[in-house]
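Subject: Structure handover

Hi there,

Here is the structure I promised to pass on to you. Have a look at it first, and then read on for my notes on what turned up.

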Amino acid sequence: MNSKIKDESTDRLFEAILLLRNIDECYSFFEDICTINEIKSLAQRLEVAKMLKSNKTYAEITEKTGASTATISRVNRSLTYGSDGYNMILDRLKKKK
């Protein structure tokens, strides 16, 4: 866990997210709390992570997602050296299918 972001208000945000019951509630909450561009950026990063784990090239990822090489590099760094959050959620999404 990254202690740089941990504080009371961040805990409250994550507790609120955990209370969301379905995708419609997620849309409602995130449309209120984030800009459209912020939501799209988060979705794009998750797609980039999924594609990196599938051994797609930067060119393939850029073509499909529109992500910059800087974004792809940042996601790749998180996959390799991060807190394992991408791997955890991608594994869970894969099992859900």
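One cut-off before anything else: a residue is called buried when its relative accessible area is under 20%, exposed when that area is over 50%, and partly exposed in between. D11 has a relative accessibility of 30%, so it counts as partly exposed. Please keep in mind that this is a predicted model.

**Salt bridges**

The structure holds four salt bridges, and I will go through some of them here.

D11 is a good place to begin. Its side chain meets that of K6 in a salt bridge, with 2.9 Å from N to O. The partner K6 is partly exposed too, at a relative accessible area of 41%.

Next comes the pair E8 and R12, whose closest N and O atoms are 3.9 Å apart. Why are E8 and R12 separated by about one helical turn? The two are four residues apart in helix α1, which covers residues 8-18, so about one turn of the helix lies between them. As for its surroundings, E8 is exposed, because its relative accessibility is 61%.

Then there is a salt bridge between the side chains of E47 and K64, at 3.1 Å from N to O. This pair links distant parts of the chain: E47 belongs to helix α3 and K64 to helix α4 (residues 58-65), with their positions 17 residues apart in sequence. Are the two ends buried or exposed? E47 is partly exposed at 24% relative accessibility, whereas K64 is exposed at 59%.

**The nonpolar core**

Which residues make up the largest nonpolar core? There are 10 of them: V48, A49, M51, L52, I61, A67, I72, V75, L79 and L90. Helices α3 (36-53) and α5 (69-81) each supply at least two residues of this core. The largest share comes from α3, with four residues.

If you want one core residue to zoom in on, try V75. Setting aside residues up to four places away in sequence, V75 touches R45, V48, A49, L52 and Y86. Among these, V48, A49 and L52 are members of the core as well.

**Two buried polar residues**

T71 sits in helix α5. With a relative accessible area of 11%, T71 is buried. Its contacts, leaving aside neighbours within four places in sequence, are Q44 and R45. R45 is also among the residues that V75 touches.

N87 is placed in helix α6, which spans residues 85-96. It is buried as well, at a relative accessible area of 16%. With neighbours within four places in sequence again left out, N87 is in contact with K53 and L79, and L79 is one of the core residues listed above.

**A nonpolar patch on the surface**

On the outside, I5, L13, F14 and I33 form a nonpolar patch, and together they have about 340 Å² of accessible area. F14 lies in helix α1, the helix that also holds E8 and R12. F14 has a relative accessible area of 42%, so it is partly exposed.

**Cysteines**

How many disulfides does a search of the whole structure find? The result is zero. C26 is in no disulfide, and the nearest cysteine sulfur to it, that of C34, is 11 Å away. C26 is partly exposed, having a relative accessible area of 29%. The same holds for C34 with regard to pairing: it is in no disulfide, and its nearest cysteine sulfur is that of C26, 11 Å away.

**Backbone angles to look at**

Two residues stand out for their phi values. N55 has phi near 65°, a positive value in a residue other than glycine. N55 is in the loop between α3 and α4, and it is exposed at a relative accessible area of 68%.

D84 likewise has a positive phi, of about 75°, although it is not a glycine. Its place is in the loop between α5 and α6. At 45% relative accessibility, D84 counts as partly exposed.

That is everything from my side. Happy browsing, and do write back if anything is unclear.

Best wishes

How values were computed: Residues numbered from 1 in each chain as written. Predicted model: local features only at pLDDT ≥ 70, side-chain atom pairs only at ≥ 80, totals over all residues. Heavy atoms only, no water. Core = buried A, V, L, I, M, F, W, Y, C linked by side-chain atoms within 4.5 Å. Buried < 20%, exposed > 50% of the residue type's maximum accessible area, 1.4 Å probe, protein only. Contact = heavy atoms within 4.5 Å. Patch = residues over 30% accessible without salt bridge, like charges linked within 9 Å, V, L, I, M, F, W, Y side chains within 5 Å. Areas by Shrake-Rupley, 256 points an atom, 1.4 Å probe, with all protein chains shown as cover. Disulfide = S-S within 2.5 Å.
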